[in-house]
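Reader: Hi! I'd like to go through this structure with you. Could you pull it up?

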Amino acid sequence: MASHRTRPLLLAVALAATAPVAAQDAMLGTILEEPGSAGLGFLSRIESSPYKGADDRIDLMPLYLYEGERFFLRSNAAGVRFTPREDQGLELFVERRLEGYPEDETPDILEGMETRNSEADVGARYYFKRDNHALDFTVRQDISNNSNGTEVRAGYGYTLRSDRWALQPVLTVGWRSAKLNDYYFGVAPDEVTPERTAYSAGSGVDITAGLYGRYHILQNWSLVGGVFVKRYSSTIRNSPLVDSDMQWGAMLGAAYDFGNGQVRWDKEGTPTYVKVFYGRDSADGCHMVKIMTFSCLDLNDEDPTDIWGVHVGRPFVSGLNGWPLDLVGYVGVLRHNERGHQPDSWQIDAYMKGFYYGFPWSHRVKTRLGFGFGVSYAERVPYAEVQSQARRERNTSKLLNYLDPSIDVSLGDIFGSERWHELYFGFGISHRSGIFGSAQMLGTVDGGSNYIYTYLEAAL
């Protein structure tokens, strides 16, 4: 792994995404040390709400990180870079905007109003770095047909660093279009009350100052955190929904950098894992822990739905720290067969999965116990989640956290075929959830779905 002197220790881009400072701005760098690396972590944040009577928001943000030569994943953003240079570059991305009305407790000022949700943006970013200085220019446009608004940002950051830590003060200026401001801070004529007058918010310029930091604590582990303060434009400050000129926030978390491992994705001879699977949704009340402990393996017989899919993986680390533990990164597609309950749809999954194979009998029959952690995006909210959440009167989200526990055995070892040694048969759980409603990025969803599946996986 590269030394801390060979690459600037900048704050994770995903950290910036948690605040309205300069969400996902590339000038804030990456938590990952080397190209081709992946990482996982979490970030807890607290920020004041601009809306009258709303409590401060406390939120948990999962960190899903991958920095390839061309493609990247940074929690609530994914994209492609066209000029993969460290000193400057151009990126195109899609990003979930972490903004919207409070979804846990609605303040009186927002009662009766149509909820303004987080939206999806598409954008382009140009960044330039010279020594400790960084400039960043971003244009983004709503593509979720919520606000249909536009935002343009320009920012400057300066990095102070040593071998173990880095600090970066950042100043960002952002212009927001009238459509964007009016969606989150306007009041439509049919939403007027004696306490809430009609208001049409215009375009405006916000200014944000922040300080972000990272401290390398253990091998591959880092603490990340930051604080920010934001000055709203006059068109937001004058809204009858708003009672503050400023917004503040703070965040603290940890992340683990898997590195690019002992085997690179582009290294000749590195295996590619291909997994094909088929499954059914579990019965209501048969949650993931019960399935993993074999205390509930019931399938849904009332209104069943099926899944099938293909996931492709490449190893990041083989024999982590000398242990019988491999780390494999997967991406793939999953098809929901809704059996007429609603239109069938696709799902995209991306996750990092650890495989432990150090069992006493593994020298005779290789047995792998796996656990995957990542993110899942569904073209349409699966019917199993729609029904389950409706019964509990809870909201749904297309984007959710993804877990993939599994157990499998080598068919080659069972049948005495060396040729099939890396062909595995097993069972797993395809699990989508919102981390108990604690993550705004995941739609503040409390609940999800479980599909019990069987699979074949081959190393090619």
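**Salt bridges and their surroundings**

Author: Happy to, and keep in mind that this is a predicted model. A place to begin is D206, which is buried because its relative accessible area is 4%, under the 20% cut-off.

Reader: Okay, and which residue does D206 form a salt bridge with?

Author: The partner of D206 is K230, and the closest N and O atoms are 3.6 Å apart. D206 sits in strand β11 and K230 in strand β12 (residues 221-231), so this pair ties together parts that are 24 residues apart in sequence.

Reader: Is K230 buried or exposed?

Author: K230 is buried, because its relative accessibility is 7%.

Reader: Remind me why such side chains pair at all?

Author: Opposite charges on side chains can pair when the charged atoms come close.

Reader: Fine. How many salt bridges does the structure hold?

Author: There are 29 salt bridges in the structure. Some are linked in a network made of R97, E99, E119, D121, E151, R153, R176, D206 and K230.

Reader: Let's pick E99 from that network. What does E99 form a salt bridge with?

Author: E99 forms one with R176, with 2.8 Å between the closest N and O atoms. This pair links distant parts of the chain, 77 residues apart: E99 is in the loop between β5 (88-96) and β6 (120-130), while R176 is in strand β10.

Reader: And what's the relative accessibility of those two?

Author: E99 has 16% and counts as buried. R176 counts as buried too, at 2%.

Reader: Which residue does E47 form a salt bridge with?

Author: That would be R45, with the closest N and O atoms 3.2 Å apart. E47 counts as buried at 9% relative accessibility, and R45 counts as buried at 3%.

Reader: Switching to helices. Which residues are buried in α2?

Author: Helix α2 covers residues 178-185, and its buried residues are L180, N181, Y183, Y184 and F185. They span an arc of only 165° around the axis, so they lie on the same side of α2.

Reader: What covers them?

Author: The cover over the buried residues of α2 includes β8 (150-158), β10 (165-176), β11 (204-218) and α3 (234-237). β10 is also where R176 of the E99 pair sits, and β11 holds D206.

Reader: Nice link. How about α5, what's buried there?

Author: In α5, residues 383-391, the buried ones are Y383, A384, E385, S388 and Q389. Their cover includes β14 (273-281), β19 (399-410), β20 (423-433) and β21 (448-459). After α5 comes E393, which has a positive phi, near 55°.

Reader: Now pockets, my favourite! What's the volume of the second largest pocket?

Author: The second largest pocket has a volume of about 830 Å³. Its lining is made of 38 residues, with H287, H431, G448, S449 and N450 nearest the centre.

Reader: Which elements give two or more residues to that lining?

Author: For the second largest pocket they are β2 (57-67), α4 (288-292), α5, β19, β20 and β21. The largest share, 6 residues, comes from α5.

Reader: I'd want the chemistry too. How does the lining split by class?

Author: The lining of the second largest pocket has 14 nonpolar, 14 polar and 10 charged residues.

Definitions and conventions:
Residues are numbered from 1 along each chain as its sequence is written. This is a predicted model: local features need pLDDT of at least 70, side-chain atom pairs count only at pLDDT 80 or more; totals for chains, interfaces and linings use all residues. Side-chain values use heavy atoms; hydrogens and water are left out. Buried means under 20% relative accessible area, exposed over 50%, partly exposed in between (1.4 Å probe, protein chains only). Helices (H or I, at least four residues) and strands (E, at least two) are DSSP runs, numbered from the N terminus. Contact means heavy atoms within 4.5 Å. The arc is that of the directions from the helix axis to the C-beta atoms. A salt bridge is a side-chain nitrogen of Lys or Arg within 4 Å of a carboxyl oxygen of Asp or Glu. On a 1 Å grid over the protein atoms alone, a cavity is a set of points where a 1.4 Å probe fits but cannot get out, and a pocket is an open set with protein on both sides within 12 Å along at least five of seven lines; lining residues have an atom within 4 Å of a point. Grid points are joined across faces, edges and corners, and a volume is the space filled by probe spheres set on the points. Ala, Val, Leu, Ile, Met, Phe, Trp, Tyr, Cys and Pro count as nonpolar, Asp, Glu, Lys and Arg as charged, and the others, Gly among them, as polar.
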